[in-house]
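Welcome! Please open the model below in your viewer, and let's walk through it together.

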2 protein chains.
Amino acid sequence: MNPTTKTPLSDYLRHLVGQSVNAIDTPALVVDIDAMLRNLGRMAELARKHDVRWRPHAKMHKSATLAKLQIQAGAVGVCVQKTAEAEAMVAGGVYNVFISNEVIAQSKLSRVAALAHRVVGEHGQLAIAVDSPEGISRLAVAMNEARAGTGTAAAVIDVFIEIDVGQGRCGVAPGKAAVALVHEIRKHPALRFAGLHAYHGKAQHLRSARQRREMIAMAVDDIVYTRKLIEAEGIPVDLITGAGTGSMVLEASSGVYGELQAGSFLFMDADYAANERDPAQPQFEHALFVKTQVISSRDDHAVCDAGHKSHAIDSGLPKVHAFDAESELEFFNGGDEHGILKPAGASRRVPAIGRMLWLIPGHCDPTVNLHDAMIGVTGGLRNGIVDRIIRVDARGALT
Amino acid sequence: MNPTTKTPLSDYLRHLVGQSVNAIDTPALVVDIDAMLRNLGRMAELARKHDVRWRPHAKMHKSATLAKLQIQAGAVGVCVQKTAEAEAMVAGGVYNVFISNEVIAQSKLSRVAALAHRVVGEHGQLAIAVDSPEGISRLAVAMNEARAGTGTAAAVIDVFIEIDVGQGRCGVAPGKAAVALVHEIRKHPALRFAGLHAYHGKAQHLRSARQRREMIAMAVDDIVYTRKLIEAEGIPVDLITGAGTGSMVLEASSGVYGELQAGSFLFMDADYAANERDPAQPQFEHALFVKTQVISSRDDHAVCDAGHKSHAIDSGLPKVHAFDAESELEFFNGGDEHGILKPAGASRRVPAIGRMLWLIPGHCDPTVNLHDAMIGVTGGLRNGIVDRIIRVDARGALT
């Protein structure tokens with residue numbers, strides 16, 4: 001139940017396919033398809049090497065097309081944070097979705113239950129996270145109502161208990177509180193206790209690889225302790241799911257996590273790239289850019305047409321992609337519609353009016369959410385051509 | 001040429017009109033229509049009192065409906081920052097638009113020229129800002145091409161020279177550089193030199209009223225000096241346009257500015273409210289809120305379903321609207337999809353799961369840009385009803 005339904009692409013976007021990158025109007029969100037596919041291959045290899053499932057977070061790209069590309073490459077399905085994102089994925093043909101977040105409103109849970117019945121019909125699976133008895137009983141009410149209303153096979157929804165392994169946001173404390181929730185879930189035939197959701201958001205952006213290792217080691221201790229308590233009651237814990245791009249090599253090699261949720265590796269933003277890389281982590285490339293044009297220029301600075309309506313700045317300002325040392329520039333905040341550019345590094349040149357530049361966003365998820373479409377380019381940013389238009393199906397899918 | 005064309009509202013939104021505020025799903029962008037109309041009245045009175053025109057910035061609300069409401073209340077038209085915003089305004093029936101920004105790409109200038117011919121046909125007017133000879137000559141090329149291609153009366157576009165009165169972003173330096181641009185404009189019959197665009201963005205958010213006064217006094221000196229140089233060449237300067245919500249009482253009473261561009265007064269965000277109010281400034285009320293629900297709660301904090309995909313955080317995190325001292329809460333960053341809430345002030349209570357809260361965004365412009373629609377409520381946030389749905393026509397209109 002998105003606020004608006006999606007429309008066909010504009011003539012401009014449809015006619016762009018096959019044209020040179022020079023034809024892309026600014027500001028625009030551009031995906032380097034070659035780099036993206038290399039990142040995808042690196043991720044698939046990492047998961048194979050550690051024999052773990054991967055379920056990339058689609059809250060990052062919000063595209064059913066990219067979700068299906070990931071599933072083709074070996075992902076078991078996707079995570080989302082919002083019911084409306086799950087609906088957008090299912091509408092786009094993605095039938096294995098985990099809502100890795102708490103859903104409380106009865107109106108939303110009715111949609112979740114309807115979706116569960118829908119994907120089961122497509123031989124898929126829907127999963128959701130809970131962290132309270134109230135969340136569980138509300139979900140059970142919605143599932144039972146949907147079961148009563150459907151003529152098809154009654155669906156069962158997979159329910160993961162979110163435990164707080166150090167992020168300090170949602171989730172129950174590791175230990176006994178989680179065990180109590182397992183028993184709550186098992187009271188309801190429409191719910192299946194599927195395991196523990198243990199994502200450590202705070203660990204992702206710790207710059208030091210050592211600090212990230214320490215954080216994830218503590219998370220693993222919490223999980224092992226909680227799992228033991230649950231298993232001591234004779235209840236199996238089928239899966240531990242979690243991890244982000246910043247820490248996933250640690251979860252992958254933990255022997256505890258069975259599924260990785262990392263999403264940003266696909267596009268790799270400036271903030272993740274600023275982390276000290278763990279030696280085991282593949283070298284992911286930047287694949288997401290904002291193309292922008294200089295609209296004003298003077299002695300000491302230039303101004304481009306991309307501000308924070310074009311790219312999110314919650315994790316810092318974008319970096320300017322430099323093709324060579326002479327084109328190094330630093331981006332300063334110019335407000336909603338402008339970026340201020342000053343020469344940096346070896347460069348002393350202020351770019352001239354009309355010059356095209358490529359920005360690497362600080363944070364890919366909320367940047368993608370600002371755009372209705374991503375323009376996929378092959379053959380590089382300088383001489384490439386537009387290969388495809390990727391709809392941001394779940395843009396603004398907040399509910 | 002928006003990337004996508006707009007679609008009808010969803011069933012959910014259409015059915016919401018007439019229902020209680022309780023029926024609004026979260027997170028959602030909600031406008032307190034009563035407060036908004038009072039703000040509108042205060043602005044109209046301020047402009048009348050100082051005998052200045054007002055041309056509110058539609059980059060804030062991005063809604064043709066609200067633009068027309070402002071014009072009914074006395075505004076001469078609207079400002080926008082982007083060609084695509086101008087197109088959305090014209091498509092919605094707003095025929096007096098000033099693109100208060102530099103436009104450089106020839107593809108965009110062709111759209112500007114087409115729009116100029118379109119609004120002249122509707123007895124309207126299109127204006128644009130320039131700050132370089134290159135910008136002027138590119139605009140002239142586009143206007144001449146459009147003139148050659150049209151069978152109707154050839155349009156003239158109003159051209160304002162942007163002078164930098166202290167913001168340090170776009171704009172030529174006050175003085176001789178501006179005079180040179182006047183001569184450039186006057187070479188082209190399709191362009192009319194309409195005056196000076198002198199917006200001081202940096203002055204808007206200076207907390208101290210005294211500092212804002214000093215900044216705008218300096219801006220006025222720059223304008224008077226530049227105007228004198230232009231008039232000394234026998235060329236009239238018809239209009240000085242500028243001002244934002246933070247400083248507009250100063251521009252209004254300057255005797256120099258003839259037109260106010262302030263936009264945020266209509267919704268009034270947390271950042272502008274944090275300014276020390278100039279005694280002459282009307283007391284604008286908060287009229288824009290994000291409705292959100294608590295989805296997780298524990299001893300020391302709760303988590304709501306609104307993060308920075310629901311509200312912009314470039315000017316600080318949102319404030320939680322407190323109906324009374326017992327419900328005071330502080331909002332902490334919980335990432336893209338979550339907000340973390342802790343008791344504040346006299347309150348010691350962590351809100352329970354399911355509780356509805358109202359956030360006052362830090363910055364209204366980029367917050368509105370995250371949403372496809374605003375839900376207009378009358379009768380207050382507690383017991384009101386949904387009065388109307390306001391489309392964000394220019395959401396994502398970046399080009």
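The tour goes from a whole chain to one helix, then to a core.

Before you click, note that this is a predicted model: local features need pLDDT of at least 70, side-chain atom pairs count only at pLDDT 80 or more, and totals for chains, interfaces and linings use all residues. Residues are numbered from 1 along each chain as its sequence is written, while chains are lettered from A and ligands numbered from 1 in the order in which they are written.

**Stop 1: chain A.** Select chain A and show it as a cartoon: there are 13 helices and 17 strands (DSSP runs, H or I of at least four residues for helices and E of at least two for strands, numbered from the N terminus). Its C-alpha atoms fill a box of roughly 70 × 50 × 35 Å along the principal axes. Of the 399 residues in chain A, 59% are buried (20 or more other C-beta atoms, placed from the backbone, lie within 10 Å of the residue's own).

**Stop 2: helix α10.** Now select residues 209–231 of chain A, which form α10 and reach 32 Å from first C-alpha to last. Which residues of α10(A) are buried? Among them are M215(A), I216(A) and R227(A). Colour α8 (176–186) and β7 (191–197) of chain A too, since the buried residues of α10(A) pack against elements including these two (contact: C-beta atoms, placed from the backbone, within 7 Å).

**Stop 3: the core.** The largest nonpolar core has 261 residues (buried Ala, Val, Leu, Ile, Met, Phe, Trp, Tyr and Cys joined through C-beta atoms within 7 Å). Finish at M89(B), one of those with the most contacts inside this core. Not counting residues up to four places away in sequence, M89(B) touches residues including A58(B), V78(B) and V97(B).

Methods
A residue is buried if 20 or more other C-beta atoms lie within 10 Å of its own, exposed if 12 or fewer, and partly exposed in between; C-beta atoms are placed from the backbone. The expected span of a helix is 1.5 Å times one less than its number of residues.
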